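Thanks for asking me to look this one over with you. Here are a few friendly notes to read alongside the structure.

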Amino acid sequence: MADNKFFSSPSVDVIESSTKIIGDVVSKADFRIDGVVEGNITTSGKVVIGKTGKIIGKLICSNADMSGSINGEVEVSETLSLMSDSYVKGDITTAKLSVEE
C-alpha cells in the first residue's frame, strides 16, 4: 500500500511507472499515477500524477496534485495543484488552482 499522508482515503490505488492502462477507469478510491493511462479517469477521490505519470484522456476527480502530464480535459471539483514540472494540454475546470513556481 502506498504512503497515504496525501490522500483522503485509507487506501490508494497505484499505477506504477512500468504499467500502461488502455481504457477508462471509474472508482471511488484515491489514485497515484506513475505510469500511463490512455483513457478517462473518473473518481470521487484524489489523484496524484507523479513525474513519470501520463494521462491521455479526461480526468474527473475531487482533488489533484500533478507533476506529470495530461493531454485532455481536467475537471477537479475542489483543488488542482500544478507542480513546476507538470504539463497540461487541454481545458481545466476547477474551484481552486494552485501553481508552483
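The numbered points below walk through charged side chains and their partners.

1. A word before we start: this is a predicted model, so please read every distance and accessibility below as computed from that prediction. The topic for most of this note is pairing between charged groups. Side chains of opposite charge can pair when their charged atoms come close.

2. How many salt bridges are there? The count comes to 6, and the next points pick out some of them.

3. Begin with Lys20 and Glu38, a salt bridge whose closest N and O atoms are 3.2 Å apart. Lys20 belongs to strand S2 (residues 20-22) and Glu38 to strand S5 (residues 36-38), so this pair ties together parts that are 18 residues apart in sequence. Lys20 is exposed, at 52% relative accessibility, while Glu38 is partly exposed, at 30%.

4. Next, have a look at Lys51 and Asp85, which form a salt bridge with 3.8 Å between the closest N and O atoms. Here both residues sit in loops: Lys51 between strand S7 (46-49) and strand S8 (54-56), Asp85 between strand S12 (74-82) and strand S13 (87-89). The pair therefore ties together parts of the chain that are 34 residues apart in sequence. Lys51 is exposed, with a relative accessible area of 66%, whereas Asp85 counts as partly exposed at 36%.

5. Glu73 and Lys58 form another salt bridge, with their closest N and O atoms 3.9 Å apart. This pair links distant parts of the chain, 15 residues apart: Glu73 is in the loop between strand S11 (69-71) and S12, and Lys58 is in the loop between S8 and strand S9 (59-61). Both ends are partly exposed, Glu73 at 32% relative accessibility and Lys58 at 26%.

6. Which residues are joined into one network by salt bridges that share partners? They are Lys58, Glu73 and Glu75, so you may like to view this trio together with the previous point.

7. Finally, a charged residue to look at for its other contacts: Asp65, in strand S10 (residues 63-66). The side chain of Asp65 makes a polar contact with the side chain of Ser81, at 3.4 Å. Leaving aside residues up to four places away in sequence, Asp65 touches Lys46, Val47, Val48, Ile49, Ser81 and Met83. Ser81 thus appears both as the polar partner of Asp65 and in its list of touching residues.

Terms used. Residues numbered from 1 in each chain as written. Predicted model: local features only at pLDDT ≥ 70, side-chain atom pairs only at ≥ 80, totals over all residues. Heavy atoms only, no water. Salt bridge = Lys/Arg side-chain N within 4 Å of Asp/Glu carboxyl O. Helix = DSSP H or I, 4+ residues; strand = E, 2+ residues; numbered from the N terminus. Buried < 20%, exposed > 50% of the residue type's maximum accessible area, 1.4 Å probe, protein only. Polar contact = N/O pair within 3.5 Å; in protein donor to acceptor, adjacent residues only side chain to side chain. Contact = heavy atoms within 4.5 Å.
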